[in-house]
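Here is a walk through one protein model, written for someone who would rather look at contacts than read theory. Have the viewer open and follow along.

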Amino acid sequence: MKSKTLALAILLLGGCGRPDSAQNAPEAPEAPAAPAAPQAPEPPAAPSEPAAPTAPSAPKVLSEPKGPIDPKSVEAAGQVVQSYGALVEQGRFAEAARLWRDPAAAAAFAKALRPTTHMEIGDLGDAEGAAGSIYTSVPVTFYRTGFRRAAEVVLRRVNDVPGSTAKQRRWHIERIDWKAAP
């Protein structure tokens with residue numbers, strides 16, 4: 001039954017491209033279709049070398065501002081994250097710690113990093129107000145050979161409230177939270 005169906009399908013497809021005069025001509029009797037020869041399985045592929053760890057494709061780059069950046073804006077917070085990443089990459093952890101509110105928390109976080117660690121920066125988040133402060137978060141990915149981990153940098157600045165210092169009114173890293181490993 002399968003061979004008759006196959007033969008009919010071949011016959012119908014074969015006549016599709018003929019001019020009208022050829023389609024009306026009587027056809028020669030059809031030979032029964034021969035069963036297809038079993039194909040030999042393909043040999044297994046030769047083992048390849050394990051892939052070397054690669055740097056991520058193209059890290060997201062924050063777009064350049066069109067003018068001066070308002071120090072209260074999330075763009076200013078993004079510059080803090082960029083500065084932190086550059087300092088970590090250069091192994092300048094003491095300077096990077098100055099971008100944190102809490103130097104002890106910065107030192108504890110730096111233990112997971114090395115001078116060869118790089119950082120990709122994601123899109124800036126929106127600013128959210130809470131009890132006299134403004135927060136924003138920026139997704140980042142820290143990576144180096146054999147290590148790649150996503151995190152979220154939470155930044156904070158104090159609103160212009162009476163009694164606040166200039167240092168408190170600048171964006172600083174409140175904390176960096178590691179994302180759960182997939």
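Which residues does D126 touch, not counting those up to four places away in sequence? The contacts of D126 are V74, Y135 and T136. Keep in mind that this is a predicted model.

**Two loop residues**

D126 sits in the loop between β1 and β2. With a relative accessible area of 66%, D126 counts as exposed, because the cut-off for that class is over 50%. Its C-alpha atom is 7.6 Å from that of S137, and 11 residues of chain separate the two.

The next loop, between β2 and β3, holds A131. A131 has a positive phi of about 45° even though it isn't a glycine. A131 is exposed too, at 87% relative accessible area.

**The core**

Now turn inward. The largest nonpolar core is made of 25 residues, and those with the most contacts inside it are V81, Y84, V140, F142, L155, I173 and I176. At least two residues each come from α3, α4, α5, β1, β3, β4 and β5. Helix α3 gives the largest share, seven residues.

Helix α3 also carries G85. G85 is buried, with 8% relative accessible area. The C-alpha atoms of G85 and T117 are separated by 8.7 Å, although the two residues are 32 apart along the chain.

F142 is a good residue to click on. Leaving out residues up to four places away in sequence, F142 touches Y84, F109, L113, T117, H118, M119, F147, R148, R149, A151, I176 and W178.

**The aromatic rings**

How many aromatic pairs does a search of the whole structure find? The count is six. One of them is F147 with W178, an edge-to-face pair with 6.2 Å from centre to centre and 90° between the planes. F147 belongs to strand β4 and W178 to strand β5, so this pair ties together parts that lie 31 residues apart in sequence. Neither ring's residue is classed as buried: F147 is partly exposed at 22% relative accessibility, and W178 is partly exposed at 27%.

Ring pairs also join Y84, W100, F109, F142, F147 and W178 into a cluster. Y84 and F142 from that cluster are among the core residues with the most contacts.

Here are the accessibilities of the residues picked out so far:

| Residue | Relative accessible area | Class |
|---|---|---|
| D126 | 66% | exposed |
| A131 | 87% | exposed |
| G85 | 8% | buried |
| F147 | 22% | partly exposed |
| W178 | 27% | partly exposed |

**The pocket**

Last stop: the open space. Rolling a probe the size of a water molecule over the atoms shows where empty space is left. The largest pocket holds about 410 Å³ of space. There are 18 residues in its lining, and K167, Q168, R170, W171 and H172 are the closest to its centre.

Which elements each supply at least two residues of that lining? They are α3 (74-89) and β4 (147-158). Strand β4 gives the most, with three residues. By class, the lining has eight nonpolar, eight charged and two polar residues.

Helix α3 and strand β4 therefore turn up twice in this tour, since each supplies at least two residues to the pocket lining and each supplies at least two to the core.

How values were computed:
Residues are numbered from 1 along each chain as its sequence is written. This is a predicted model: local features need pLDDT of at least 70, side-chain atom pairs count only at pLDDT 80 or more; totals for chains, interfaces and linings use all residues. Side-chain values use heavy atoms; hydrogens and water are left out. On a 1 Å grid over the protein atoms alone, a cavity is a set of points where a 1.4 Å probe fits but cannot get out, and a pocket is an open set with protein on both sides within 12 Å along at least five of seven lines; lining residues have an atom within 4 Å of a point. Grid points are joined across faces, edges and corners, and a volume is the space filled by probe spheres set on the points. Helices (H or I, at least four residues) and strands (E, at least two) are DSSP runs, numbered from the N terminus. Ala, Val, Leu, Ile, Met, Phe, Trp, Tyr, Cys and Pro count as nonpolar, Asp, Glu, Lys and Arg as charged, and the others, Gly among them, as polar. A nonpolar core is a set of buried Ala, Val, Leu, Ile, Met, Phe, Trp, Tyr and Cys residues joined through side-chain atoms within 4.5 Å. Buried means under 20% relative accessible area, exposed over 50%, partly exposed in between (1.4 Å probe, protein chains only). Contact means heavy atoms within 4.5 Å. Rings of Phe, Tyr and Trp (its six-membered ring) pair if their centres lie within 6.5 Å; planes under 30 degrees apart count as stacked, over 60 as edge-to-face and the rest as tilted.
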